[in-house]
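Student: Could you take me slowly through the salt bridges of this structure, and explain the terms as you go?

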Amino acid sequence: MFVFNDNKILVRENNIDLDLDFKNFDGGTIINTSKDLPANWQNLPAWLDVKDPVLKDDDEYINLRAVWHKFGYEIFLKVGGAWQFANWFRNAQFCSHCGEILKPRDRDYGRYCPKCERVFYAPLSPAVIVAIEKNNKLLLAHNSAMPANRFSLIAGFVEPGETLEQAVEREVKEEVSLKIADIKYFASQPWPFPNSLMFGFNAKWADNNINVDGEEILDANWYSCDEIKNMLDNIPDGASIARRLINNFIANHV
(Lines give C-alpha, C1' and ligand atoms only; values in the text may rest on other atoms or scores of the structure.)
Protein backbone atom coordinates (compact mmCIF):
# COMPACT_ATOMS: atom_id res chain seq x y z
CA MET A 1 0.00 0.00 0.00
CA PHE A 2 1.19 3.51 -0.83
CA VAL A 3 0.69 6.32 1.68
CA PHE A 4 0.48 9.86 0.27
CA ASN A 5 0.63 13.25 1.90
CA ASP A 6 0.01 16.05 -0.58
CA ASN A 7 2.49 15.35 -3.42
CA LYS A 8 4.79 13.11 -1.36
CA ILE A 9 4.86 9.42 -0.48
CA LEU A 10 5.83 7.69 2.76
CA VAL A 11 9.05 5.68 2.92
CA ARG A 12 9.36 3.39 5.94
CA GLU A 13 12.42 1.22 6.58
CA ASN A 14 13.54 1.93 3.01
CA ASN A 15 10.27 0.53 1.68
CA ILE A 16 7.65 2.41 -0.31
CA ASP A 17 5.01 -0.33 -0.75
CA LEU A 18 3.98 -0.83 2.87
CA ASP A 19 2.35 -3.89 4.41
CA LEU A 20 -0.66 -2.13 5.87
CA ASP A 21 -4.41 -2.40 5.73
CA PHE A 22 -6.97 0.39 5.89
CA LYS A 23 -7.44 0.06 9.64
CA ASN A 24 -3.96 -0.14 11.16
CA PHE A 25 -2.39 3.10 9.91
CA ASP A 26 -1.78 5.59 12.69
CA GLY A 27 0.66 7.92 10.95
CA GLY A 28 -1.79 10.73 10.31
CA THR A 29 -5.40 11.62 9.59
CA ILE A 30 -6.77 9.65 6.66
CA ILE A 31 -8.47 11.83 4.04
CA ASN A 32 -9.24 9.28 1.34
CA THR A 33 -8.46 5.65 0.61
CA SER A 34 -8.93 3.17 -2.20
CA LYS A 35 -10.73 0.73 0.10
CA ASP A 36 -14.16 1.29 -1.50
CA LEU A 37 -12.79 1.04 -5.04
CA PRO A 38 -12.57 -2.18 -7.09
CA ALA A 39 -9.62 -4.20 -5.79
CA ASN A 40 -6.61 -4.28 -8.13
CA TRP A 41 -8.48 -2.42 -10.87
CA GLN A 42 -6.02 -1.86 -13.75
CA ASN A 43 -3.39 -3.37 -11.41
CA LEU A 44 -3.29 -0.19 -9.34
CA PRO A 45 -2.10 -0.73 -5.77
CA ALA A 46 -4.05 0.22 -2.68
CA TRP A 47 -3.40 3.70 -1.31
CA LEU A 48 -4.07 6.03 1.60
CA ASP A 49 -4.09 9.81 1.45
CA VAL A 50 -3.36 11.49 4.79
CA LYS A 51 -2.96 14.92 6.32
CA ASP A 52 -1.07 15.96 9.46
CA PRO A 53 1.40 13.08 9.05
CA VAL A 54 3.02 11.57 12.12
CA LEU A 55 6.56 10.34 11.42
CA LYS A 56 7.97 7.38 13.31
CA ASP A 57 11.55 6.17 13.64
CA ASP A 58 13.13 6.46 10.18
CA ASP A 59 9.92 7.45 8.34
CA GLU A 60 10.25 10.08 5.66
CA TYR A 61 8.08 11.52 2.90
CA ILE A 62 9.77 11.98 -0.48
CA ASN A 63 8.45 13.73 -3.57
CA LEU A 64 7.42 11.85 -6.68
CA ARG A 65 10.50 12.87 -8.66
CA ALA A 66 12.69 11.26 -6.01
CA VAL A 67 10.85 7.95 -6.36
CA TRP A 68 12.49 6.91 -9.64
CA HIS A 69 15.96 7.76 -8.32
CA LYS A 70 15.44 5.74 -5.14
CA PHE A 71 13.20 2.88 -6.31
CA GLY A 72 13.41 2.74 -10.11
CA TYR A 73 11.25 3.60 -13.08
CA GLU A 74 8.68 0.79 -12.81
CA ILE A 75 7.86 1.72 -9.21
CA PHE A 76 7.70 5.37 -10.28
CA LEU A 77 5.00 4.45 -12.83
CA LYS A 78 2.93 2.60 -10.22
CA VAL A 79 3.30 5.36 -7.65
CA GLY A 80 2.47 8.03 -10.21
CA GLY A 81 -0.70 6.26 -11.30
CA ALA A 82 -1.95 5.74 -7.75
CA TRP A 83 -1.06 9.31 -6.77
CA GLN A 84 -3.04 10.79 -9.66
CA PHE A 85 -6.17 9.05 -8.39
CA ALA A 86 -5.47 10.08 -4.79
CA ASN A 87 -4.90 13.67 -5.91
CA TRP A 88 -8.11 13.66 -7.95
CA PHE A 89 -10.15 12.29 -5.03
CA ARG A 90 -8.70 15.01 -2.82
CA ASN A 91 -9.42 17.90 -5.19
CA ALA A 92 -12.68 16.90 -6.90
CA GLN A 93 -15.16 15.89 -4.23
CA PHE A 94 -18.30 17.50 -5.66
CA CYS A 95 -20.31 17.18 -8.86
CA SER A 96 -19.32 20.05 -11.17
CA HIS A 97 -22.91 20.23 -12.46
CA CYS A 98 -25.09 20.24 -9.34
CA GLY A 99 -22.64 20.33 -6.41
CA GLU A 100 -23.65 17.01 -4.85
CA ILE A 101 -20.97 14.96 -3.08
CA LEU A 102 -19.57 12.35 -5.47
CA LYS A 103 -19.66 8.63 -4.65
CA PRO A 104 -17.28 5.87 -5.80
CA ARG A 105 -18.43 3.45 -8.50
CA ASP A 106 -18.17 -0.29 -7.94
CA ARG A 107 -17.03 -1.15 -11.47
CA ASP A 108 -14.05 1.16 -12.04
CA TYR A 109 -12.20 4.14 -10.56
CA GLY A 110 -14.88 6.57 -11.72
CA ARG A 111 -17.10 8.57 -9.39
CA TYR A 112 -20.77 9.32 -9.85
CA CYS A 113 -23.26 11.89 -8.69
CA PRO A 114 -26.21 10.31 -6.86
CA LYS A 115 -28.38 13.34 -7.65
CA CYS A 116 -27.92 14.02 -11.37
CA GLU A 117 -26.29 10.65 -12.18
CA ARG A 118 -23.32 12.12 -14.03
CA VAL A 119 -20.15 10.04 -14.01
CA PHE A 120 -16.66 11.53 -13.65
CA TYR A 121 -13.20 10.12 -14.27
CA ALA A 122 -9.73 11.25 -13.29
CA PRO A 123 -8.53 13.91 -15.76
CA LEU A 124 -5.67 13.22 -18.13
CA SER A 125 -3.90 16.02 -19.98
CA PRO A 126 -2.14 14.99 -23.22
CA ALA A 127 1.09 16.84 -23.96
CA VAL A 128 3.73 16.65 -26.67
CA ILE A 129 7.50 16.97 -26.55
CA VAL A 130 9.77 17.02 -29.57
CA ALA A 131 13.45 16.60 -30.40
CA ILE A 132 14.21 18.79 -33.44
CA GLU A 133 17.33 18.14 -35.50
CA LYS A 134 19.15 20.46 -37.91
CA ASN A 135 22.48 19.62 -39.54
CA ASN A 136 23.31 17.00 -36.90
CA LYS A 137 22.49 19.39 -34.08
CA LEU A 138 19.64 19.27 -31.56
CA LEU A 139 17.47 22.18 -30.46
CA LEU A 140 17.60 22.76 -26.71
CA ALA A 141 15.67 25.55 -25.01
CA HIS A 142 15.54 27.25 -21.63
CA ASN A 143 12.00 27.55 -20.30
CA SER A 144 11.21 30.42 -17.92
CA ALA A 145 9.92 27.90 -15.36
CA MET A 146 13.25 26.06 -15.26
CA PRO A 147 16.21 26.73 -12.97
CA ALA A 148 18.96 28.92 -14.45
CA ASN A 149 21.16 27.27 -17.10
CA ARG A 150 18.81 24.32 -17.50
CA PHE A 151 17.81 23.27 -21.02
CA SER A 152 15.33 20.82 -22.44
CA LEU A 153 13.14 20.18 -25.48
CA ILE A 154 10.11 22.06 -26.75
CA ALA A 155 6.92 20.77 -25.14
CA GLY A 156 3.34 21.80 -24.57
CA PHE A 157 -0.24 20.68 -24.05
CA VAL A 158 -2.53 19.46 -26.82
CA GLU A 159 -5.48 21.76 -27.49
CA PRO A 160 -9.04 20.59 -28.25
CA GLY A 161 -9.46 19.69 -31.91
CA GLU A 162 -5.75 19.13 -32.53
CA THR A 163 -3.92 16.02 -33.58
CA LEU A 164 -0.69 15.30 -31.72
CA GLU A 165 1.32 16.28 -34.80
CA GLN A 166 -0.54 19.57 -35.13
CA ALA A 167 0.20 20.29 -31.48
CA VAL A 168 3.90 19.65 -32.10
CA GLU A 169 3.95 22.06 -35.06
CA ARG A 170 2.02 24.75 -33.18
CA GLU A 171 4.13 24.60 -30.01
CA VAL A 172 7.38 24.83 -31.99
CA LYS A 173 6.11 27.75 -34.05
CA GLU A 174 4.74 29.60 -31.00
CA GLU A 175 7.79 29.15 -28.80
CA VAL A 176 10.76 29.35 -31.18
CA SER A 177 9.22 30.39 -34.56
CA LEU A 178 10.56 27.37 -36.43
CA LYS A 179 8.88 25.36 -39.15
CA ILE A 180 9.47 21.63 -38.86
CA ALA A 181 8.90 18.54 -41.00
CA ASP A 182 9.17 14.75 -40.88
CA ILE A 183 7.43 14.50 -37.51
CA LYS A 184 7.72 10.93 -36.22
CA TYR A 185 6.36 9.37 -33.05
CA PHE A 186 8.98 8.16 -30.55
CA ALA A 187 7.32 6.96 -27.33
CA SER A 188 4.90 8.00 -24.59
CA GLN A 189 5.19 8.40 -20.83
CA PRO A 190 2.74 8.95 -17.98
CA TRP A 191 3.86 12.07 -16.13
CA PRO A 192 2.10 12.71 -12.80
CA PHE A 193 2.87 16.44 -12.51
CA PRO A 194 0.00 16.53 -12.00
CA ASN A 195 -1.81 14.44 -14.64
CA SER A 196 -0.05 14.51 -18.00
CA LEU A 197 0.48 11.87 -20.63
CA MET A 198 3.55 12.84 -22.63
CA PHE A 199 3.85 11.94 -26.32
CA GLY A 200 7.42 12.16 -27.62
CA PHE A 201 8.34 12.94 -31.21
CA ASN A 202 11.37 13.47 -33.41
CA ALA A 203 11.31 16.09 -36.17
CA LYS A 204 13.55 17.86 -38.68
CA TRP A 205 14.07 21.60 -39.05
CA ALA A 206 12.44 22.90 -42.23
CA ASP A 207 12.65 26.71 -42.22
CA ASN A 208 13.07 29.95 -40.26
CA ASN A 209 15.60 31.09 -37.69
CA ILE A 210 15.17 30.68 -33.94
CA ASN A 211 13.14 33.50 -32.43
CA VAL A 212 12.07 32.75 -28.86
CA ASP A 213 8.73 34.01 -27.59
CA GLY A 214 10.34 35.66 -24.54
CA GLU A 215 7.63 34.39 -22.24
CA GLU A 216 7.78 30.61 -22.00
CA ILE A 217 11.10 30.23 -23.80
CA LEU A 218 13.90 32.65 -22.90
CA ASP A 219 16.75 31.07 -24.84
CA ALA A 220 17.24 28.35 -27.45
CA ASN A 221 20.04 27.14 -29.66
CA TRP A 222 21.36 24.22 -31.70
CA TYR A 223 23.78 21.88 -29.92
CA SER A 224 26.04 19.19 -31.31
CA CYS A 225 26.30 15.75 -29.77
CA ASP A 226 29.64 16.62 -28.14
CA GLU A 227 28.27 19.88 -26.74
CA ILE A 228 25.33 18.06 -25.19
CA LYS A 229 27.66 15.50 -23.60
CA ASN A 230 29.40 18.40 -21.85
CA MET A 231 26.16 19.76 -20.39
CA LEU A 232 24.53 16.61 -19.02
CA ASP A 233 24.08 18.22 -15.60
CA ASN A 234 21.97 20.94 -17.22
CA ILE A 235 19.46 18.77 -19.09
CA PRO A 236 16.61 16.58 -17.77
CA ASP A 237 17.78 13.53 -15.86
CA GLY A 238 16.44 10.16 -14.87
CA ALA A 239 13.89 8.30 -16.93
CA SER A 240 12.06 11.36 -18.26
CA ILE A 241 11.01 11.13 -21.88
CA ALA A 242 12.92 14.35 -22.52
CA ARG A 243 16.17 12.65 -21.50
CA ARG A 244 15.27 9.55 -23.51
CA LEU A 245 14.79 11.68 -26.62
CA ILE A 246 18.09 13.47 -26.01
CA ASN A 247 19.90 10.18 -25.38
CA ASN A 248 18.39 8.82 -28.59
CA PHE A 249 19.78 11.79 -30.52
CA ILE A 250 23.24 11.19 -29.00
CA ALA A 251 23.11 7.47 -29.78
CA ASN A 252 22.31 8.20 -33.42
CA HIS A 253 25.15 10.70 -33.81
CA VAL A 254 28.12 8.91 -32.26
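Tutor: What follows is a close look at the salt bridges and the residues that form them. This is a predicted model, in which local features need pLDDT of at least 70 and side-chain atom pairs count only at pLDDT 80 or more, while totals for chains, interfaces and linings use all residues. Residues are numbered from 1 along each chain as its sequence is written, and side-chain values use heavy atoms, with hydrogens and water left out.

A search of the whole structure finds 11 salt bridges, where the term means a side-chain nitrogen of Lys or Arg within 4 Å of a carboxyl oxygen of Asp or Glu. One of them joins the side chains of Arg-90 and Asp-6, at 3.9 Å from N to O. This pair links distant parts of the chain, 84 residues apart, since Arg-90 belongs to helix H2 (residues 73-91) and Asp-6 to the loop between strand S1 (2-5) and strand S2 (8-11); helices (H or I, at least four residues) and strands (E, at least two) are DSSP runs, numbered from the N terminus. Arg-90 is buried, because its relative accessible area is 17%, whereas Asp-6, at 47%, is partly exposed; buried means under 20% relative accessible area, exposed over 50%, and partly exposed in between, with a 1.4 Å probe and protein chains only.

Another salt bridge, at 2.9 Å from N to O, connects Asp-108 with Arg-105, and both of these residues are buried. Arg-170 and Glu-171 also meet through their side chains, at 3.0 Å from N to O. Salt bridges with shared partners join Glu-162, Arg-170, Glu-171 and Glu-174 into one network. Within it, Arg-170 counts as buried at 18% relative accessibility, and Glu-171 counts as buried at 7%.
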